[in-house]
Amino acid sequence: MQTSFPKGKIEAVLLEGVHQNAVDAFEGDGLRVHHQKGAAEDAQLADLLRSAHMVGIRSKTQVRGAPLESAERLLAIGCFCIGTNQVDLDAAAARGIPVFNAPFSNTRSVAELTIAEVVMLQRRVFERSSQMHAGRWVKSASGSREVRSKTLGIVGYGHIGSQVSVLAESMGLRVIAFDTAAKLPMGNARLVGSLAELLAESDIVSLHVPATDSTRGMIGAAQIAAMKPGACLINNARGSVVDLDALSAALREGKLSGAAIDVFPREPSGRDTDFETALAGIGNVILTPHVAGSTEEAQAAIAEEVSGKLLKFLNTGATGGAVNVPEVDLPEQGTIGGERVHRILHFHRNVPGVLSQINNAVSEIGANVSSQTLRTAGEIGYAVLDVNAGDAEDVRRRMDGIGETIRTRVLW
């Protein structure tokens, strides 16, 4: 399918209040933009995606199933957040649609809130504040502790966990960490060999893991029972990681002294929506509506990062930073004999013989090729050819005819 046409006909759909910086970037590049504050459910999303060439979402909109199947014009998906589990990545890749995210832009925001919660839980600040709002003056040092010399256990020592580690050490906390992958600890942090070892040693446990099959329910009744009496639990990671009923029971029984939870197994799709949780009404429990990474600075940075990746893919075919297709970094198109080359982008099924078919298609017409790139990942291959403008349409037509072709796009 040939999809190179004027920028003014390319439509970007941005949902869930994606930051204005992304709107400005797309409009500044000449695209039409549909900007919506709320998430889109299946029926509305399907309607929006039928005409969209780019779509930007955050954590609520689910791009999978029928809406994705209806998106015949869709070239790329931008997740303006860290996670990408709201998108069917394999189905998108099978349609030649790369998915981009922002794995680093809000790490500082999450780390700062985590450290603030460590202090507030140890000092029981939220509980004291709630009492004051209720008209009660409860001035007491009971259960209020300094964080200095306490042990913070970090589960998941990636971009966020390592930043939490550095900030925590600067405040005098002793830091231990557990990760399933080999990591280099920062400062004086110490890696432990198992989750059980971390839970047994930690005064505060902070979770910073992705949503995967292996992390689903990783903190359940057995793990909570293995924590130190009076310990606190912080989850600013994913709602599927903690069994909230088991956590509620442990808090009500006094096994744990506090918790801070920002993510939940089931979250409302819109703002100002009623919400229920087993943790409601428990003292020294901080509940926030999935805002750990939601600062103005983080959202601005995410908007710039993801819109930049989407526009680079649109304009050059580069897939650097994509999470579901081969990553190829590409320069701007050059010239042959003073004439701008045409760039052919070819997503295909990764089976033996595709490259030879591409080369045969080029050689049969004697096309002038100035550069060629091929990358494969899993079941998807991505070939990029820069060819003489006069040969481009013939080459594209022949590449379209290759049986393993998923999608062909030409940049003029």
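This is a guided tour of the chain, stop by stop, with a selection to make at each one.

**Before selecting anything**

The model is predicted, so local features are reported where pLDDT is at least 70 and side-chain atom pairs where it is 80 or more, while totals for chains, interfaces and linings use all residues. Residues are numbered from 1 along each chain as its sequence is written, and side-chain values use heavy atoms, with hydrogens and water left out.

**The whole chain**

Begin with the C-alpha trace, which spans about 85 × 40 × 35 Å along its principal axes. Colouring by secondary structure brings up 13 helices and 18 strands, where helices (H or I, at least four residues) and strands (E, at least two) are DSSP runs numbered from the N terminus. Of the 412 residues, 49% count as buried; buried means under 20% relative accessible area, exposed over 50% and partly exposed in between, with a 1.4 Å probe and protein chains only. Among contacts (heavy atoms within 4.5 Å) with a separation of 6 or more, residues 24 or more positions apart account for 64%.

**The largest nonpolar core**

Next, select F80 and L310, the two residues that touch the most other members of the largest nonpolar core, which has 33 residues. A core of this kind is a set of buried Ala, Val, Leu, Ile, Met, Phe, Trp, Tyr and Cys residues joined through side-chain atoms within 4.5 Å. Two or more residues come from each of β1 (11-14), α1 (20-28), α11 (296-316), β15 (342-349) and β17 (380-387), and α11 gives the largest share, seven residues. Centring on L310 and setting aside its neighbours within four places in sequence, one finds it in contact with F26, M54, A76, I77, G78, F80 and F100. Apart from this core lies another, of 31 residues, including I176, L207, I224 and V285.

**Aromatic pairs and a charge over a ring**

Now show the aromatic rings, where three pairs are counted; rings of Phe, Tyr and Trp (its six-membered ring) pair if their centres lie within 6.5 Å, and planes under 30 degrees apart count as stacked, over 60 as edge-to-face and the rest as tilted. Select F264 and F275, an edge-to-face pair at 4.8 Å centre to centre with 70° between the planes. Both F264 and F275 are in the loop between β11 (256-261) and β12 (285-287), 11 residues apart. F264 counts as buried because its relative accessibility is 7%, whereas F275, at 38%, counts as partly exposed.

Move on to F347 and Y382, whose ring centres are 4.2 Å apart and whose planes meet at 15°, so that this pair is stacked. Here F347 belongs to strand β15 and Y382 to strand β17, with their positions 35 residues apart in the chain. F347 is buried at 3% relative accessibility, and Y382 is buried at 0%.

For a charge over a ring, select R409 and F313: R409 lies over the face of F313, at 4.7 Å from the ring centre. The criterion is NZ of Lys or CZ of Arg within 6 Å of the ring centre and within 35 degrees of the ring normal.

**Helix α12**

Select residues 354-365, the 12 residues of helix α12, which reaches 18 Å from first C-alpha to last, close to the 16 Å expected at 1.5 Å a residue; the expected span is 1.5 Å times one less than the number of residues. Its residues V354, I358, A361 and V362 are buried. Viewed down the axis, the buried residues of α12 fall within an arc of 90°, so they line one face of the helix, the arc being that of the directions from the helix axis to the C-beta atoms. These buried residues pack against β15, β16 (369-377), β17 and α13 (389-400), while the face turned away from the buried side carries the exposed residues S363 and E364. Just after α12 comes G366, whose phi is positive, near 65°.

**Two positive phi values outside glycine**

Select R124, a residue other than glycine with a positive phi near 55°, in the loop between α5 (107-123) and α6 (125-133). R124 counts as buried at 18% relative accessibility. Then select H290, also not a glycine, with a positive phi of about 55°. H290 lies in the loop between β12 and α11 and is partly exposed, with a relative accessible area of 25%.

**Last stop: strand β18**

Finish at L411, in strand β18 (residues 405-411), a buried residue with a relative accessible area of 7%. Adding Q333 to the selection shows two residues 78 apart in sequence and 8.7 Å apart in space, C-alpha to C-alpha.
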